[in-house]
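Reader: Please take one part of this protein and go through it closely. I would like the strands, the side chains on them and the ring pairs treated together, with the cut-offs stated.

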Amino acid sequence: MEQNELEDYASGDDGFIQLARKRYAIAAGYWSDIYEVPRADSRFFAGEQWPAATLTARRLHNRPCDVENRLEVFVNQIVNDSRRALPATGIKASDGGTPEMAELIARRFRQIEYETDASVAYAATAKQQIVGGVAYLRLGTEYKPGTFLQRLTLKACANPFAVYPDPSAKEPDLSDADYCFEETWMREGEYKREFGDTGAALASMDNDKTGWTKPGMIRVCDYYWRKPIKVTLVESPDMEVIGPDGEVQVMPGKIKEIPGEMSDDVELPEGFQRRVETRYKVYHSVIDGWEEKRKTELIDERIPIFNVFGSVFQVEDKLKLTGLIRNAISSQITVNLNEAIIKERIQMMPLSPWLMAAGQQEGYEKMYQEANTAPMALMLYNATTNATGSAVLPPPQRQPYDAQIGELMAAKAAAVDSMKATMGMFDASLGARSNEVSGKAIDARRAEADSTNFHFVANQMTARRSIGRAMLRMMDRIERGVKKWTVRKAEGDESEVIDIPEGLPPIGGDRYDVIVTAGPASESQRSQTFDAMVEMARVYPELAKIGGDILFESLDTTWGTKIAERLRKTLPPELQDGDGQQQQLPPQVMEAMKAMEQQQQQLQAALQETMQKLESKQIEAESRVRVAEVNADARRDTTIIDALKDMMSEQARQFEQMLRQSPQLVTGPGALDESLEPEYTANQV
């Protein structure tokens, strides 16, 4: 990152805009070359499938130039598979986390995705990724209507070719990017409604040579950038203390965070250690090339733009991004050309010329002209002409015309097969009938197609994991202190509100991590489970008698639940749960169970009395240990303070002289006077 430049430019708006424009030029120049192929592929998929020169020549002579887009069915196959089997985001407990809280956070994730229509964003990026190989998602926050509470939002970047991340980012998910631009061209009227009718951009439109304006339009960028913050971590050593029982106990050292970068000339007491760590503050600025129109401090440490790439290949210092259709474009062009020729030849079949002697059509010219466009009951001709005298001439005949449609259809089919081979999509995987006749062979073909294109799903999972980690950090900020959560068990389930008894425990840091798995969505899983149970019931009919209620309950529908309730009432007593079991038990068993329950209550009372006695003794022991700990802390703090006092008193004169000569030794170029934990106000996102 251009840290020196960022600090130099921080003194004024002009410097800030200068750096932003410099960064934009670098990023746009780098990514524009990379986007050249994905942009061309996207336009080809959208229908621009004829070369410009060929299209102009054919239209000039009214020749067919239709598009038979065979690529769309292949793209939709993968896109719809990804929609039906969206990667699922899960949470796992790490250091200090609990499995119960991890499951609760995962349920909260599902609710957030439901509230923000995240599935729509994922589906949009899936098509962009598979067609062109480039897509982006934007994670942000917004206020809930009528409140000051914030919630997370996830949107797809509508034009992925207008997003320019930091070219120096090295991580696959761009998590180390220091800046990113999302470009929009605004019409002059739209710009005035958004930012007012004054400004340097409007004044410079007529004579601008920077490229940030064009007639009637102004470039406006969402400029995301981050500022590094140096923090010094100081850790005190472990200390041994003697407890009330005479045993040696180890008091672990503590870590203190000090804003700024502590100079190496500042000596710490023996046993202390330190290191400098870099944190980040992220900002979102709206700029027009001359001014910063808006600025907002974000609540995460990474740029909130997430990439979803297709096929990625590094060529020297540049990325090569492609989608599914790149290698099938030439075959699609062949399909279009063959289809155009077939149509053209079919149109020419009734237009074959008449073969006749000169003068045979004299007087019947209109009849022969309309013979190509209208049915004729009869055709007249001159059997004799002035040139032939009385000699009778044979009737006119059309020249035979062979359209050779069969050869063209074969060439077209060969081009389609070539498209399938280049994309790894075969008839069996598309649901069409092919040489595979057995179910095992069809499944093998489908698995082959899935494996060939699994890198698209894998890259989606990488993006989902990065988004999930960012959401985890942001949730730890915006939902701190809440007492209730709205959660969702699975995709098709209804939401429910649950209590968090002691407020939301910390979920950031290393307590929890995000896992992403690929598989069928919840509704698809229910359908598959129902089908599997029906198939098992055919093989083992008794399963329907003992598990029919579970079978219909898995449908998760109103009528399925009612059938399950009725079937549950018909189960034998030994298979019924809850109150139904107790009602069917014999009286002798009921009396025995009642006696056991009374005995259990007596045991619980005795256990509670014993626990109260143990608790009082434990409190007394803990009090002694706590007093010892306080004394140990006091002795340790006194030792540290005395050592630092002695050191500072002995070197006071030398140290003050050193500060006057070189003040940067203490403050340092990265030292900051701002708080490490900023207070977020209502205008911050």
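Author: What follows is a close look at strand S7 and the elements around it, with a few sites elsewhere for context.

The model is predicted, so local features need pLDDT of at least 70 and side-chain atom pairs count only at pLDDT 80 or more, while totals for chains, interfaces and linings use all residues. Residues are numbered from 1 along each chain as its sequence is written, and side-chain values use heavy atoms, with hydrogens and water left out.

First, the whole chain. The protein chain has 20 helices and 20 strands; these are DSSP runs numbered from the N terminus, with helices being H or I of at least four residues and strands being E of at least two. Of its 685 residues, 36% count as buried, where buried means under 20% relative accessible area, exposed means over 50%, and partly exposed lies in between (1.4 Å probe, protein chains only). The chain exposes about 41,000 Å², of which carbon and sulfur atoms supply 52%; accessible areas come from the Shrake-Rupley method with a 1.4 Å probe, and for residues only the protein chains shown count as cover. Among contacts in the protein chain with a separation of 6 or more, 70% are between residues 24 or more positions apart, a contact being heavy atoms within 4.5 Å.

Now the strands. Strand S5 (residues 179-187) is joined to strand S7 (residues 217-235) by 9 bridges, and the two run antiparallel; strands pair if DSSP finds at least two bridges between them. Arg187 stands opposite Met217 in S7. Strand S5 is also joined to strand S4 (residues 163-165), again antiparallel, by 3 bridges. There, Pro165 has Cys180 in S5 as its bridge partner.

Within S7, Thr232 counts as buried because its relative accessibility is 1%. Its side chain reaches the backbone nitrogen of Met262 at 3.0 Å. A polar contact is a pair of N or O atoms within 3.5 Å; within protein, one must be able to donate a hydrogen and the other to accept it, and residues adjacent in sequence count only if both atoms are side-chain atoms. Leaving aside neighbours within four places in sequence, the residues in contact with Thr232 include Lys256, Ile258, Met262, Arg274 and Val276.

The rings come next. Rings of Phe, Tyr and Trp (its six-membered ring) pair if their centres lie within 6.5 Å; planes under 30 degrees apart count as stacked, over 60 as edge-to-face and the rest as tilted. By this rule there are 17 aromatic pairs. One of them is Tyr179 with Phe181, edge-to-face at 5.9 Å centre to centre and 70° between the planes. Tyr179 and Phe181 are both buried. Trp225 and Tyr283 form a stacked pair, because their ring centres are 4.7 Å apart and their planes lie at 25°. This pair links distant parts of the chain, with Trp225 in strand S7 and Tyr283 in strand S11 (residues 273-287), 58 residues apart. Trp225 is buried at a relative accessible area of 6%, and Tyr283 counts as buried at 11%.

Elsewhere, Gln150 lies in strand S3 (residues 150-156). Gln150 is buried, with a relative accessible area of 17%, and its side chain makes a polar contact of 3.2 Å with the side chain of Thr141.
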